[in-house]
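Look over the sequence and the model before reading on. The report below takes the fold piece by piece.

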Amino acid sequence: MAARGHGRRQQRLAARPPYRLESHARDGKVVYTYADADGCKCLYVGGPKEYSEYEHLRLLRQIAADEAWGAHVADMDWDLWGSAWW
């Protein structure tokens, strides 16, 4: 019995768009889902509190990426480009 339920769960997971955060209305409340069919083979589900934490983490990740890019640009040897043409 458990194996059959597991198979249905995997089919439902596979039917969802992978790696995309979606919002749904359930019982008058907003619910967010994120399908990870390859990594954990699971469906993340949360409400407004979890979405707020997701946005916070996404912002921190973007800031870290911007800082890493800025450090990379600062370390570039701009003389390799030659003199300015303008």
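Where do Arg58 and Glu55 lie, and how many residues apart are they? Both sit in helix 2, three residues apart, which is about one turn of the helix. The model is predicted. Within it, the side chains of Arg58 and Glu55 meet in a salt bridge, with N to O at 3.0 Å. Arg58 is partly exposed at 45% relative accessibility. Glu55 is also partly exposed, at 25%.

**Salt bridges**

The structure holds three salt bridges. They are listed here.

| Positive partner | Negative partner | N to O distance |
|---|---|---|
| Arg58 | Glu55 | 3.0 Å |
| Arg20 | Glu22 | 3.5 Å |
| Arg16 | Glu22 | 3.8 Å |

Arg58 and Glu55 both belong to helix 2. Elsewhere, salt bridges that share partners join Arg16, Arg20 and Glu22 into one network. Glu22 bridges to Arg16, and Glu22 also bridges to Arg20. Arg16 is partly exposed, with a relative accessible area of 27%. Arg20 is partly exposed as well, at 45%.

**The sheet**

Three strands make an open sheet in the order 1-2-3, with antiparallel pairing. Strand 1 and strand 3 stand at the edges. Each of these edge strands has a single partner strand, so one side of each is left without a neighbour in the sheet. From one strand to the next, the twist averages 30 degrees.

Pairing can be followed strand by strand. Strand 1 and strand 2 are antiparallel and pair over six bridges. One residue pair to look at is His24, whose bridge partner in strand 2 is Val31. Strand 2 covers residues 29-36 and strand 3 covers residues 42-46. Five bridges join strand 2 and strand 3, again antiparallel. Here Tyr34 has Tyr44 of strand 3 as its bridge partner.

Helix 2 spans residues 48-75. The helix lies across strand 1, strand 2 and strand 3, and runs at about 50 degrees to strand 2.

**Leu21, at strand 1**

Leu21 is in strand 1. Which residues does Leu21 contact, leaving aside its neighbours within four places in sequence? The contacts are Tyr32, Thr33, Tyr34, Tyr51 and Tyr54. Thr33 is twelve residues from Leu21 along the chain, yet their C-alpha atoms are separated by 5.7 Å. Leu21 counts as partly exposed, with 32% relative accessibility.

**Loops with positive phi**

Tyr19 lies in the loop between helix 1 (2-15) and strand 1 (21-26). Its phi is near 55 degrees, a positive value in a residue other than glycine. Tyr19 is partly exposed, at 42% relative accessible area.

Asp27 is in the loop between strand 1 and strand 2. Asp27 also has a positive phi, near 55 degrees, and is not glycine. At 76% relative accessibility, Asp27 counts as exposed.

The hairpin of strand 2 and strand 3 has five residues between the strands. In this hairpin, Lys41 takes a positive phi near 55 degrees.

**The disulfide**

A search of the whole structure finds one disulfide. It joins Cys40 to Cys42, with S to S at 1.8 Å. The torsion about the S-S bond is -70 degrees, and the link is left-handed. Cys40 is partly exposed at 35% relative accessible area. Cys42 is partly exposed too, at 23%.

**Asp36, a buried charge**

Asp36 is placed in strand 2. What is the nearest side chain of opposite charge to Asp36, and how many Å away is it? It is Lys41, at 7.7 Å. A salt bridge needs nitrogen and oxygen within 4 Å. Asp36 is buried and has no salt bridge.

Asp36 still touches Lys41. Its other contacts, not counting residues up to four places away in sequence, are Leu13, Tyr19, Cys42 and Tyr44. Several of these residues appear above. Tyr19 is the loop residue with positive phi. Cys42 is one end of the disulfide. Tyr44 is the bridge partner of Tyr34.

Note on methods
Residues are numbered from 1 along each chain as its sequence is written. This is a predicted model: local features need pLDDT of at least 70, side-chain atom pairs count only at pLDDT 80 or more; totals for chains, interfaces and linings use all residues. Side-chain values use heavy atoms; hydrogens and water are left out. Two strands pair if DSSP finds at least two bridges between them. Helices (H or I, at least four residues) and strands (E, at least two) are DSSP runs, numbered from the N terminus. Buried means under 20% relative accessible area, exposed over 50%, partly exposed in between (1.4 Å probe, protein chains only). Lys and Arg count as positive and Asp and Glu as negative; His and the chain ends are not counted. Contact means heavy atoms within 4.5 Å. A disulfide is a pair of cysteine sulfur atoms within 2.5 Å. Axes are lines fitted to C-alpha atoms, for helices over the stretch in contact, and angles run from 0 to 180 degrees between N-to-C directions.
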